[in-house]
Amino acid sequence: MEENPRGWIHGDETAKAMLARVLTERPFLFLPPLHRVPLRVGNVVEIAGPSPSAKSQILLHAAVHCILPEEWKGIRFGGLERMVMYFDLDCRFDVLRLSQILKHRIMEAYKSANSTYWEDNGEYQKYDATEITQMCFCDDELFLACMRRFLYIRCYSSFEFLAALKAMHFHLQRESEALGVGLHFLMIDSIGAFYWIDRACQPMPIGGSKRKNLSLQNVAEAVVQEICKLLQTQPVLVLATKATIFGAGTSGNDAQRAFGKWCSERKMDSRTLSKEGEKLLYREYMPSAWQSFVTHRVRLQALGL
Amino acid sequence: MAEFNEPRSKATASVSSSGNPTSFLSRASKCAKTLEEGNRSLSDDAGFAQVQPMMEDWHQPWLNGVELLEDSNRNKHFLPTGYEGIDVLLGGGLCEGQLTEIVGSSSSGKTQVCLYSAAHVADKHFGVVMFLDTCNSFSPKRIACMVDQLSSSFSGEVTSGHTKICLLIIDSISSLLTPVLGGKGSEGRLLMVSAGIILKKLANEHNVSVLVTNHMVGGEGGILKPALGESWKSIPHVRLQLTHDQGSNICNVSILKHTFMASGRTTKFVIHG
């Protein structure tokens with residue numbers, strides 16, 4: 001109990017000290033394709049875009065950046081050396097693509113390390129491409145160590161997703177003890193994967209009246225609640241992709257004609273983006289619980305082949 | 001939604017002494033923090049240990065990158081379609097565990113590719129091929145013709161007979177789904193998304209490659225675009241588009257979407273027979 005009332009109104013620390021402390025504990029991250037967006041742990045980023053835009057690729061590049069170590073046997077990789085948790089709701093993850101990106105990053109680091117070494121020593125000798133490959137992959141140890149830091153789970157329904165979220169901390173604890181590193185990224189590939197299925201769920205009473213009915217809103221609220229609980233005990237950066245859905249029952253033509261009609265409907269929250277004369281309507285379909293949880297929204301557009 | 005009912009009632013039954021399961025689990029998640037602080041609460045730990053094996057049944061197993069790679073190398077092989085152009089474009093052929101879609105307007109060669117892949121895979125004894133024909137395009141004579149052509153160039157050595165299905169072809173899935181899509185209700189999209197989930201689950205758990213075909217519809221400005229709409233675009237792993245020049249037997253195939261190849265790559269191949 002503070003005897004002196006003045007002690008109650010004196011602050012704990014100055015704003016400058018607080019900023020310094022927070023920025024060292026939670027530094028800004030600049031992930032390669034999104035390097036103009038400063039992100040910190042505790043942020044929830046939603047990456048939205050139509051189907052052939054590179055949403056999953058951004059997640060994979062961010063994952064590789066996280067699982068690579070800062071330095072390995074004298075070569076600088078510039079990674080974070082932390083774990084990544086990947087929830088695959090779309091079930092379209094391809095491990096070959098992840099390993100391709102990881103090998104490419106490792107090889108690039110080797111190449112740049114070798115070129116600087118020889119330049120420093122006054123000679124410039126270019127290594128053969130095959131020699132570099134041999135050098136990298138007798139170092140399979142690094143590759144496997146990185147892949148072990150990538151945790152993955154598939155979910156075929158919202159129910160499995162919620163169950164996995166609830167059981168996650170226990171699994172994370174085991175993995176942290178085994179690997180000695182903490183979790184840094186939580187990735188959800190396609191948060192809207194079960195939208196149509198959950199939307200059509202009939203809200204029906206299960207058991208007594210205390211239980212919540214299964215519906216789109218409740219599922220989203222439960223997901224947000226679980227992720228908040230995780231953020232309290234272990235701060236992570238949440239990255240979620242979301243596929244865009246255009247209005248129900250309209251094609252591109254109809255969308256242009258019905259645009260006027262949609263503006264008058266108060267239910268839908270539609271935003272227009274003009275892209276080289278074409279008007280595309282992105283409809284925000286996630287429930288409000290998720291929408292208010294998101295802190296950063298990134299929209300992707302494919303510029304065409 | 002009966003499946004949702006059962007697991008929850010199981011949970012209530014076993015932790016009835018602690019009351020509401022959600023509050024119990026929230027206590028368990030705070031348990032992680034208390035463990036860090038060094039204050040082990042044995043009753044909380046034991047309680048969660050009771051619930052935890054039950055919860056493992058409710059979701060898929062946890063995997064890491066190394067286990068995924070091992071599974072991919074051991075179980076998920078590439079099935080060559082028999083057309084070299086397509087196989088090179090796909091990086092080996094149809095991948096087991098993935099859902100591949102072929103899009104093309106009518107008579108662009110989709111059924112031909114399906115039939116030839118089926119004949120080729122069966123001929124090389126990779127496994128059993130299941131062909132689901134929804135638009136009356138399957139022709140036993142054509143298959144017999146193709147198998148004859150292939151067998152004549154085959155060495156005659158018979159590998160151990162596989163009785164496991166390795167390729168599932170659905171020709172065409174769009175003729176099943178387009179009648180239910182559209183209209184004001186969202187049940188059509190619900191069926192489409194559920195079908196996609198079931199096919200991908202089947203592909204992954206049983207190491208089957210699923211090949212479906214889709215037709216084209218008119219889009220804005222008269223340009224043709226694939227049917228089944230925007231929601232379907234994020235369901236298949238690989239999407240290929242076939243075009244056929246009239247009068248020649250050369251087909252053009254281009255990648256609309258692939259898990260590790262760049263979109264837009266095209267190649268040509270020759271249709272036999």
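In this predicted model, strands β6 (residues 183-189) and β7 (residues 237-243) of chain A run side by side in the parallel sense, paired over 4 bridges. If you want a register mark to orient yourself, take M187(A), which stands opposite L239(A) in β7(A). Now zoom out from that pair. Both strands belong to an open sheet of 7 strands, in the order β10(A)-β1(A)-β7(A)-β6(A)-β4(A)-β5(A)-β1(B), and the pairing is mixed. Notice the last name in that order: β1(B) comes from chain B. The edges are β10 (296-299) of chain A and β1 (63-64) of chain B, each of which pairs on one side only. Helix α3 (residues 55-67) of chain A packs on this sheet, touching β1 (44-49), β4 (83-88), β5 (150-154), β6 and β7 of chain A. The direction of α3(A) makes about 165 degrees with that of β6(A).

While you're in this part of chain A, have a look at C91(A), which sits in the loop between β4 and α4 (95-120) of chain A. Its phi is near 60 degrees, a positive value in a residue other than glycine. As a rule, most residues other than glycine have a negative phi.

Next, the helices. Two packed helices are described by the angle between their axes and the distance between the axes. For α7(A) and α9(A), the axes come within 10 Å and cross at roughly 10 degrees. The two helices are therefore roughly parallel to each other. On the α7(A) side, the contact is made by S158(A), F161(A), L162(A), L165(A), K166(A), M168(A) and L172(A), and these meet V219(A), A222(A), V223(A), E226(A), I227(A) and L230(A) in α9(A). By class, that is 10 nonpolar, 1 polar and 2 charged residues.

A second helix pair takes you across from one chain to the other. Here the axes of helix α6 (residues 140-148) of chain A and helix α4 (residues 65-75) of chain B come within 6 Å and cross at roughly 110 degrees. That makes α6(A) roughly perpendicular to α4(B). F143(A), L144(A), M147(A) and R148(A) make the contact from α6(A), with G65(B), V66(B) and L69(B) on the α4(B) side. The residues in this contact divide into 5 nonpolar, 1 polar and 1 charged.

Once you're over in chain B, there's another open sheet to walk through. Its 7 strands come in the order β5-β6-β7-β4-β10-β11-β12, again with mixed pairing. The edges belong to β5 (128-133) and β12 (266-270) of chain B; each has a single partner strand, so one side of each is left without a neighbour in the sheet. From one strand to the next, the twist averages 20 degrees. Inside the sheet, β4 (residues 99-104) and β7 (residues 209-214) of chain B pair in the parallel sense over 5 bridges. One place to pick up the register is E101(B), whose bridge partner in β7(B) is V212(B).

Helix α6 (residues 110-123) of chain B lies across β4, β5, β6 (165-171), β7, β10 (238-244) and β12 of chain B, running at about 165 degrees to β6(B). Helix α9(B) packs on the sheet too, touching β4, β6 and β7 of chain B, and its direction makes about 160 degrees with that of β6(B). Chain B has its own backbone oddity: a cis peptide bond joins D171(B) and S172(B), with omega at about -10 degrees. S172(B) is found in the loop between β6 and α8 (174-177) of chain B. In general, most peptide bonds are trans.

That leaves the empty space. The structure holds 7 cavities of 30 Å³ or more, and about 230 Å³ lies in the largest cavity. Of the 20 residues lining the largest cavity, those nearest its centre are D90(A), G192(A), A193(A), S231(B) and S234(B). The elements giving two or more residues to that lining are α9 (187-206) and α10 (229-233) of chain B, and α9(B) gives the most, with 4 residues. The lining has 10 nonpolar, 7 polar and 3 charged residues.

The second largest cavity takes up about 150 Å³. Its lining counts 15 residues, and the closest to its centre are S158(A), I191(A), D198(A), V219(A) and M286(A). You've met S158(A) and V219(A) already, in the contact between α7(A) and α9(A). Two or more lining residues each come from α7 (158-179), α8 (195-199) and α9 (216-233) of chain A, and α9(A) gives the most, with 4. By class, this lining has 12 nonpolar, 2 polar and 1 charged.

Note on methods. Residues numbered from 1 in each chain as written. Chains lettered and ligands numbered in written order. Predicted model: local features only at pLDDT ≥ 70, side-chain atom pairs only at ≥ 80, totals over all residues. Heavy atoms only, no water. 1 Å grid on protein atoms, 1.4 Å probe; cavity = no way out; pocket = protein on both sides within 12 Å on 5 of 7 lines; lining within 4 Å. Points joined across faces, edges and corners; volume = space filled by probe spheres on them. Nonpolar A, V, L, I, M, F, W, Y, C, P; charged D, E, K, R; others polar. Axes fitted to C-alpha atoms, helices over the stretch in contact; angles between N-to-C directions. Parallel < 35°, antiparallel > 145°, perpendicular 65-115°, else oblique. Contact = heavy atoms within 4.5 Å. Pairing = 2+ DSSP bridges.
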